[in-house]
Amino acid sequence: NMATCSFDVTVTDNEEPVVVCQDITLYLDENGLASSNPFLNGALVSQSDNCSTVGGVGVTGPNGYNCSNIGTFPITIIQDDPSGNEGRCTFNVTVLDIIPPNAICQSITVQLDENGSVTVDPSELDSGSTDNCSIASLSLSQSVFTCDNLGANTVTFTATDGSGNTHECTATITVVDSIIPEISCPDDIDVFATSAAGAIVNYTAPIGTDNCSIVSNILTSSLGTGDTFPIGNTQVTYETTDSSGNVASCSFTITVTGIAPVVECPSNIIVNNDSGSCGAIVAFEATDTTGIPASVITYSHVSGSEFPVGTTTVTATATNAVGSDSCTFTVTVNDTEDPTIDTCAADITINNTPGECYGELVLTLPTVTDNCEDNALDFDGVNDFVSIPHTPSLAIGSNPVSIECWFMAPNVNQAGII
């Protein structure tokens with residue numbers, strides 16, 4: 001006889017799966033990406049379970065790596081089996097970016113400032129540089145330029161990404177100086193002439209200044225400091241040029257003013273008439289030692305000409321380009337020459353007046369001349385007379401009688417006795 005019984009045997013799987021992983025280094029591609037799949041990226045070395053069936057695999061961390069994941073951090077792989085047992089392993093993932101940027105640069109022209117310097121920002125040469133992640137910085141082999149760098153300068157342009165990868169390109173930075181130099185002339189100068197040629201004028205010649213350097217200071221006008229400037233206005237111009245050929249100029253005016261004349265007349269002149277003339281030749285000269293340029297002196301009456309008896313006022317006028325001046329003096333010619341009685345009456349015999357013991361005398365007028373025709377030396381009853389100093393009766397016989405005849409002329413010179 002046999003008897004049976006039954007019971008259930010339950011086998012429980014409580015053994016965790018075995019997961020083996022390893023540290024890995026991932027490199028971002030040209031798009032800045034890397035896979036986080038441990039089956040693909042080599043992090044999962046092996047997986048096993050005491051049972052034949054392996055369940056699902058889970059991974060902590062991001063779902064794919066990009067530029068924001070650069071660095072090292074832990075990742076855990078979780079493996080389960082159908083019994084719900086979980087096996088784990090942890091590894092370190094290092095995400096790297098080793099792809100260099102693509103530096104693209106351009107040549108530029110820069111202008112020096114008023115201090116002769118210019119600082120170039122690298123971005124001015126960037127012509128669209130790129131990177132699979134991002135460009136962290138741009139730099140130049142030389143960024144500060146001065147007057148010593150005028151012209152073309154070859155520089156190295158470097159683009160650096162966040163991982164320190166670099167890429168270079170070369171460009172040309174042309175440094176120019178277009179700032180005009182500065183030059184300041186003296187103020188206008190006014191002087192008085194010292195001679196008919198003008199005046200010597202001295203001044204400090206202007207010198208140009210520049211943000212770089214001055215190569216020349218040139219007097220472009222014909223006259224400069226220490227020269228004799230003519231009477232009138234003369235413009236003086238200076239020109240300065242810097243090392244880049246920029247030119248500046250300044251001008252000022254030198255005015256040389258002449259001096260008006262101051263005429264000096266001779267003292268009043270008194271002379272006697274020339275013999276036989278009703279006047280006198282008189283020479284004289286006025287002077288001007290002040291006027292610049294020298295003046296021309298003119299006279300109302302010509303020096304060396306004949307002046308009539310009497311007083312004549314002479315005006316002397318000195319004139320130059322600045323002005324004129326006049327003075328006067330007198331020329332007095334005295335008539336000191338006596339008139340001449342050319343003929344006188346002959347001795348006269350007269351008869352007595354009938355019934356009287358005397359006779360009437362009838363004189364024949366004398367002929368007279370004078371150096372001055374206008375003195376009216378004739379017996380016309382005007383300004384002349386006959387004087388008999390002694391008035392005895394003219395007795396019969398020979399009686400000498402002295403008769404004085406006087407002529408009243410403008411100069412009061414008198415004729416002699418008849």
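The following dialogue examines the fold, cores and disulfides of a predicted model.

Student: On what basis are the values given, and how many strands are in the protein chain?

Tutor: In this predicted model, local features need pLDDT of at least 70 and side-chain atom pairs count only at pLDDT 80 or more, while totals for chains, interfaces and linings use all residues. Residues are numbered from 1 along each chain as its sequence is written, and side-chain values use heavy atoms, with hydrogens and water left out. Helices (H or I, at least four residues) and strands (E, at least two) are DSSP runs, numbered from the N terminus. Besides one helix, the protein chain has 32 strands.

Student: Is Thr255 buried or exposed?

Tutor: Thr255 belongs to strand S20, residues 247–257. Buried means under 20% relative accessible area, exposed over 50%, and partly exposed in between (1.4 Å probe, protein chains only). Because its relative accessibility is 19%, Thr255 counts as buried.

Student: Which strand gives the most residues to the largest nonpolar core?

Tutor: A nonpolar core is a set of buried Ala, Val, Leu, Ile, Met, Phe, Trp, Tyr and Cys residues joined through side-chain atoms within 4.5 Å. The largest has 18 residues, and those with the most contacts inside it include Val110, Leu140 and Phe157. Two or more residues each come from strand S9 (108–111), strand S13 (151–161) and strand S14 (166–176). The most, four residues, come from S14.

Student: How many residues apart are the parts of the chain linked by Cys21 and Cys89?

Tutor: A disulfide is a pair of cysteine sulfur atoms within 2.5 Å, and Cys21 is joined to Cys89 with an S to S distance of 2.2 Å. Cys21 is in strand S1 (residues 18–21) and Cys89 in strand S8 (residues 86–96), a separation of 68 residues.

Student: Why does the disulfide of Cys67 and Cys133 tie together distant parts of the sequence, and how many residues separate them?

Tutor: The sulfur atoms of Cys67 and Cys133 are 1.8 Å apart. Cys67 lies in the loop between strand S6 (65–66) and strand S7 (71–80), and Cys133 in the loop between strand S10 (117–119) and strand S11 (135–140), so the pair joins parts whose separation in sequence is 66 residues.

Student: What is the handedness of the disulfide of Cys185 and Cys250?

Tutor: The sulfur atoms of Cys185 and Cys250 are 2.0 Å apart. Cys185 counts as buried at 15% relative accessibility, as does Cys250 at 10%. Because the torsion about their S-S bond is about 75°, the disulfide is right-handed.
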